[in-house]
Amino acid sequence: MVTLDLRHVASPAVRDLLHLVNHPDFDRAQQQIERLGGCTEPVRLTGQTTTVDTTTGEVLRSYASSDEPTGSLLTTCGNRRASRCPACSRLYAADTYHLIRAGLCGGKSVPDTVRTHPRVFVTLTPPSFGPVHNRLTTPGGDIRPCRCRKLHEPGDAPIGTPLNPATYDYEGAVLFNAHASALWARFTTYLRREIAAQLGMTQKDAHAVLRLSFAKVAEYQQRGLVHFHAVIRLDGPDGNTTSPPPYATVAVLTKAARAAAKRVRITVESDAAGERELGWGEQFDVREIASFGTDAEFTDQAVAAYVAKYATKSADASATLDHTLLCRPCQGLGATVLPHGTPRPCSACDGTGQARPLSRLPVARHVRQMIRTCWELGRLPEFAHLKLRKWAHMLGFRGHFSTKSRSYSTTLGALRDARRTWRTEQARAHASLPESDPTTTLVIGRWDYLGSGYSPGAALLAAGVWHRKELERQFAAEGGC
């Protein structure tokens, strides 16, 4: 084996890569990185696992991370943000697509009969908190001047920002984001009531013959406000396995959704911020979801792809940051408490409670003002339950980006378990291990968290894996063979 002289290599990453290439078990190290599919922030674990046949006591398989070239086992981070890990976010989007599609077309333990159930695609938007710059178009597609009398091109920085920041209701915008999940919960409650009213039934009687199922995702608008896209379906009393009664139609669901959206109101009271009433905006949209293969715009497959795209896009919205702004040592308090109970200003943040000064954040002025408003409202006792400082990097929104009702379809956990089982079976077949009965097999193991990320050299290899896989996807999308 040729030994390279690394004394004159300037780059630490290249030097580490050459050390890794010269390692006797480089093939195994490269195999681990390939298996992660280009994950940029893998989790490093140390420990061991043993698989034992409980009937005979025979050890079927044993593994220890100490046998690896790096002394640790690498596993994917699973982050849904493309800014943190493009590979894992793509996998998350694919899982979300199959989850949504199963609730529209069947599959993944969901019967195909859900295709015949009434289904609509609903968009709930926030109200106006002040005029903003927009790119307006005529019905013929021509660009119209904005209120600022300019013609904005796509991607212009002012789009979505207030025309007059001095009069824009930043407090209302932040409080809307903070209560968006509660507004959605009330919408689903009122929707069930409206459906029962449309059918001339009590809620108890309606619940006995049909059930409401849904899956939704949150999306950030350019102005930094959250709105929701949702697939809503009517099922029979036992969920997706049964059909609703014939009188529970798309028309009934559509009319009930419009009425429910208008009813939703949440009153927020504060001595400092005053009293305000929050609800959905006037731009409410509900459309029937058609079956795949028709000429309709909103087919089940198109909706599934649309929702899956926003499941990761919203997590990586340009208006937000991908990390909390709370100072870790003091957890945003700005001070630490000495053993005898005396508070002392935190030296890490100079008493601000901020991991990084708000004035130095790499965001637009409009977004920075929303973050600053979150931070200021977060100090008020009446808003303590909203945890505005903890979620200031998300402009006050602390809900999940994608949620679903229990009976809508399968779960992300079930999809991951199926993928894990498949990989285990493939690994056993590759190692020529005999098949084992899960009822007579016991897995004993212990794992400890060591850290996250690659060494500089391994990071170069992972970037190469991701680049190659992206080229393969692009080639396949262009019809290559």
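A residue counts as buried when its relative accessible area is under 20%. Keep that cut-off in mind while looking at this structure, which is a predicted model, because phenylalanine 397, with a relative accessible area of 1%, is buried by this rule.

The chain as a whole is a good place to begin. Of its 481 residues, 43% count as buried, and the chain is built with 10 helices and 15 strands. Its C-alpha atoms fill a box of roughly 75 × 60 × 60 Å along the principal axes. Among the contacts with a separation of 6 or more, 69% come from residues 24 or more positions apart. On the outside, the accessible surface of the chain comes to about 26,100 Å², and carbon and sulfur atoms account for 52% of that surface. The chain also carries 59 positive and 45 negative side chains, and the centres of these two sets lie 5 Å apart.

From the whole chain we can turn to the aromatic rings. A pair of such rings is described by the distance of the centres and the angle of the planes. The structure holds 13 aromatic pairs. In one of them, the rings of tryptophan 184 and phenylalanine 187 have their centres 5.4 Å apart and their planes at 35 degrees, so this pair is tilted. These two residues are three residues apart in helix α4, which covers residues 170-198, and they are therefore separated by about one helical turn. Tryptophan 184 counts as buried at 6% relative accessibility, and phenylalanine 187 is buried too, with a relative accessible area of 0%.

Phenylalanine 397, met at the start, forms an edge-to-face pair with phenylalanine 401, at 6.0 Å centre to centre and with 65 degrees between the planes. Its partner, phenylalanine 401, counts as buried at 4% relative accessibility. Both of the pairs described here belong to a cluster linked by ring pairs, whose members include Trp184, Phe187, Phe397 and Phe401, along with Phe129, Phe176, Phe214, Tyr220, Phe228 and Trp280.

Finally, what keeps the cysteines 88 and 85 from forming a bond? The sulfur of cysteine 88 has its closest cysteine sulfur in cysteine 85, but the 3.6 Å between them is too far for a bond, because a disulfide requires the two sulfur atoms to be within 2.5 Å. Likewise, the sulfur of cysteine 327 is 3.7 Å from the closest cysteine sulfur, that of cysteine 330, which is also too far. Cysteine 88 counts as buried at 7% relative accessibility, and cysteine 327 counts as buried at 3%. The structure as a whole holds zero disulfides.

How values were computed:
Residues numbered from 1 in each chain as written. Predicted model: local features only at pLDDT ≥ 70, side-chain atom pairs only at ≥ 80, totals over all residues. Heavy atoms only, no water. Buried < 20%, exposed > 50% of the residue type's maximum accessible area, 1.4 Å probe, protein only. Helix = DSSP H or I, 4+ residues; strand = E, 2+ residues; numbered from the N terminus. Contact = heavy atoms within 4.5 Å. Areas by Shrake-Rupley, 256 points an atom, 1.4 Å probe, with all protein chains shown as cover. Lys, Arg positive; Asp, Glu negative; His and termini not counted. Charge placed at Lys NZ, Arg CZ, Asp CG, Glu CD. Phe/Tyr/Trp six-rings, centres within 6.5 Å; stacked < 30°, edge-to-face > 60°.
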